[in-house]
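Work through these exercises with the structure open. Each task is followed by its solution in steps.

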Amino acid sequence: MYDIHVQLADTPGALGRFGRIMGAAGVSLEGGGVFSAAGVCHGHFLVADGRAAAEAAQQAGVAVVAVREVLIRQLNQQLPGQLGEICAILGAANINIVTQYSDHDNRLILVTDDNDKARILTEAWTPPEAP
């Protein structure tokens with residue numbers, strides 16, 4: 001799975017347009033979010049085919065900032081402090097979390113600057129179906 005980071009216009013309808021572009025390309029958005037600050041709107045979305053998502057976005061004139069592989073983890077929602085614990089482990093290993101959000105299955109989606117090392121350090125949170 002991949003995170004596609006796009007820059008959208010900070011205007012009404014921009015997110016709807018992006019969703020339609022992805023839908024027309026057959027790309028399902030499995031999670032993500034949009035964040036606006038100082039007139040700039042950044043979207044991060046979980047997709048199975050990062051290349052297809054990026055091509056569709058670029059062909060429609062949407063700025064693609066990056067496409068990165070994600071790390072999928074499952075927090076124990078019944079145990080407070082899980083996000084803090086997993087993030088502290090990564091921080092102690094000097095791994096930067098570039099992006100964090102949840103998918104539609106309530107799994108933690110992480111984009112880090114060292115997914116290989118992060119994968120090993122957070123193995124205890126690997127959901128059964130994640131690669």
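**Exercise 1. Find which residues of helix α1 are buried, and explain how they are arranged around the axis.**

Step 1. This is a predicted model. Locate α1 at residues 14-24.

Step 2. Apply the cut-off: buried means under 20% relative accessible area. In α1, A14, F18, I21 and M22 meet it.

Step 3. Check their directions. These residues cover an arc of only 95° around the axis, which puts them on the same side of α1.

Step 4. Recall the helix geometry. An α-helix has 3.6 residues a turn, so residues three or four places apart point the same way.

Step 5. Look at the face turned away from the buried side. R20 and A24 are exposed there.

Step 6. Go past the helix end. G26 follows α1, and its phi is positive, near 80°.

**Exercise 2. Identify the elements that the buried residues of α1 pack against, then trace the contacts of M22.**

Step 1. Start from the buried side. Its packing partners are β1 (2-8), β3 (40-47) and α2 (50-59).

Step 2. Pick M22 and leave out residues up to four places away in sequence. M22 then touches V27, L29, A53, A56 and A57.

**Exercise 3. Describe the largest nonpolar core and say which elements build it.**

Step 1. Count the members: this core has 16 residues.

Step 2. Find those with the most contacts inside the core. They are I4, V6, L8, F18, M22, A53 and V62.

Step 3. Assign the core to elements. β1, α1, β3 and α2 each give two or more residues.

Step 4. Look for a separate core. Another one, of ten residues, lies apart, and its members include L71, L75, I86 and W125.

Step 5. Set this against the general trend. In soluble globular proteins, nonpolar side chains tend to be buried together.

**Exercise 4. Work out the strand order of the four-stranded sheet, then place the two helices on it.**

Step 1. Read the order across the open sheet: β2-β3-β1-β4, with antiparallel pairing.

Step 2. Mark the edges. β2 (32-37) and β4 (63-69) each pair on one side only.

Step 3. Note the turn between neighbouring strands of this sheet. It is 15° on average, direction ignored.

Step 4. Inspect one pair. β2 and β3 are joined antiparallel over six bridges. G32 stands opposite F45 in β3.

Step 5. Add the helices. α1 lies across β1, β2 and β3 and runs at about 135° to β1. α2 also packs on the sheet, where it touches β1, β3 and β4. The direction of α2 makes about 180° with that of β4.

Methods. Residues numbered from 1 in each chain as written. Predicted model: local features only at pLDDT ≥ 70, side-chain atom pairs only at ≥ 80, totals over all residues. Heavy atoms only, no water. Buried < 20%, exposed > 50% of the residue type's maximum accessible area, 1.4 Å probe, protein only. Arc of directions from axis to C-beta. Contact = heavy atoms within 4.5 Å. Core = buried A, V, L, I, M, F, W, Y, C linked by side-chain atoms within 4.5 Å. Pairing = 2+ DSSP bridges. Axes fitted to C-alpha atoms, helices over the stretch in contact; angles between N-to-C directions.
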